[in-house]
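Let us take a walk through this model together, with the empty spaces as our starting point and the helix contacts as our way out. Keep the structure open beside the text as you read.

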Amino acid sequence: MYSILLMRSADVLESDLTTKARIRDTAMQLFAAEGVAASSLRAVARAAGVSAGLVVHHFGSKQGLIRAVDEAVLARINAALSEVPIEGSGDPLAGRAEVVAAFLRGQPALCDYLGRALSERTEASAELLHRLFAFAARDERLIAAGVLRAETDPFWRAMHQVILVVGPLLLRPFIERELGGELLDEDNVTRWTRARTDLLKHGLYTETPANVRRGARAV
C-alpha cells in the first residue's frame, strides 16, 4: 500500500516536468556525479541541452539553482512521509520504514546528491542539513500520537533520525565495500531501513544482570 502512495506522490511532483524542472533535475544529477562546487552553470546548461542564459533566467545564479534543487529534495521527502498515517491500528514506524526504503530505491540521483552535497562542507550544504534537521524536528504529531517519547532530548531526537539516513549516504562507498554490494539494491536498502527502525524502536543494548545489580546498588 505504501509503495502505491509513494508512486502517487512522485507522479504529482513529476507530472509537469517543465524546462525549469528539467534543468533543476539535470543539475541534481550533475551535482551528484561531479560535485556541487565543481559543477558550473554552463556545465548544467550543456547537460540539460539549454543555454546558460536560460539557466540564469530561471534561477538567477548558481546559488539559486542549488536552492531549487534542495527545495525539490525536501519536497519529495515530505511528500513521501506525509503519505504514512500516524493514527490508526497499523505500526507507523513500520510504515515509515517501508516508505523510506521505497523512496531511497526510487530516487538514486537524490541519494547521490545528498551524499555528495553534504560532504562538501559549504554554506549551501550546511543550510541543506539544517533544513533536513528542521524537518525532522517537527515531530509534535508523532509525540502526540505516542510514537515518539516526549522525554527524550529534542535536539538529538531529531538529529539522530537525520544521521541514521544521511550518514550511510555520506559513507556509501565504504559501507558498500564492507557490505559487498550496492547499498540501494532492494535487499540491502530494505535490510538497512529495517535495522534502523529496529534500533529506533528497541535500542541497541540489553539490560544485563550486571547492569540491573549496579542500578539496584545505586538506589
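**Spaces and helix contacts**

Val36, Ile66, Asp70, Tyr113, Ala117, Glu120, Thr122, Ala124 and Ser125 form the lining of the largest cavity. This is a predicted model, so please read every value here as computed from predicted coordinates. The volume of the largest cavity is about 40 Å³, and the count of cavities of 30 Å³ or more comes to one. Which helices stand around the largest cavity with at least two lining residues each? They are α5 (62–81), α7 (108–119) and α8 (123–137). Sorted by class, the lining of the largest cavity holds five nonpolar residues, together with two polar and two charged ones.

Now turn from the cavity to the pockets. The largest pocket has a volume of about 1,300 Å³, and 45 residues line it. If you would like to find its centre on screen, look for Leu81, Arg96, Ala136, Leu142 and Gln161, the lining residues that lie nearest to that centre. Many helices take part: α5, α6 (92–106), α7, α8, α9 (140–144), α10 (154–170) and α12 (186–202) each give at least two residues to the lining of the largest pocket. Which of these gives the largest share? That is α10, with nine residues. By class, the lining of the largest pocket is made up of 29 nonpolar, six polar and ten charged residues.

The second largest pocket holds about 210 Å³ of space. Its lining consists of Ala32, Ala33, Cys111, Asp112, Gly115, Arg116, Ser119, Leu169, Leu170, Arg172 and Pro173. Two or more of the lining residues come from each of α2, α7, α10 and α11 (172–179). Here the largest share belongs to α7, which supplies five residues. The classes in the lining of the second largest pocket are six nonpolar, two polar and three charged residues.

Having met α2 at this pocket, we can follow it to a helix partner. Helix α2 (residues 19–34) packs against helix α3 (residues 41–48) at an angle of about 115°, and their axes are 9 Å apart. Are the two helices parallel or perpendicular? Angles of 65 to 115 degrees count as roughly perpendicular, and α2 and α3 are therefore roughly perpendicular to each other. The crossing of α2 past α3 is right-handed. On the α2 side, the contact is made by Arg22, Ile23, Thr26, Ala27, Leu30 and Phe31, which meet Ala43, Val44, Ala47 and Ala48 of α3. Of the residues in the contact of α2 with α3, eight are nonpolar, one is polar and one is charged.

One more step along the chain brings us to the next contact of α3. Helix α4 (residues 52–59) packs with α3 at an angle of about 105°, with the axes 8 Å apart. That angle makes α3 roughly perpendicular to α4. Leu41, Arg42 and Ala45 of α3 make this contact with Ala52, Val55 and Val56 of α4. Five residues in the contact of α3 with α4 are nonpolar, none is polar and one is charged.

Note on methods: Residues numbered from 1 in each chain as written. Predicted model: local features only at pLDDT ≥ 70, side-chain atom pairs only at ≥ 80, totals over all residues. Heavy atoms only, no water. Axes fitted to C-alpha atoms, helices over the stretch in contact; angles between N-to-C directions. Helix = DSSP H or I, 4+ residues; strand = E, 2+ residues; numbered from the N terminus. Parallel < 35°, antiparallel > 145°, perpendicular 65-115°, else oblique. Left-handed = near helix turned anticlockwise from the far one by under 90°. Contact = heavy atoms within 4.5 Å. Nonpolar A, V, L, I, M, F, W, Y, C, P; charged D, E, K, R; others polar. 1 Å grid on protein atoms, 1.4 Å probe; cavity = no way out; pocket = protein on both sides within 12 Å on 5 of 7 lines; lining within 4 Å. Points joined across faces, edges and corners; volume = space filled by probe spheres on them.
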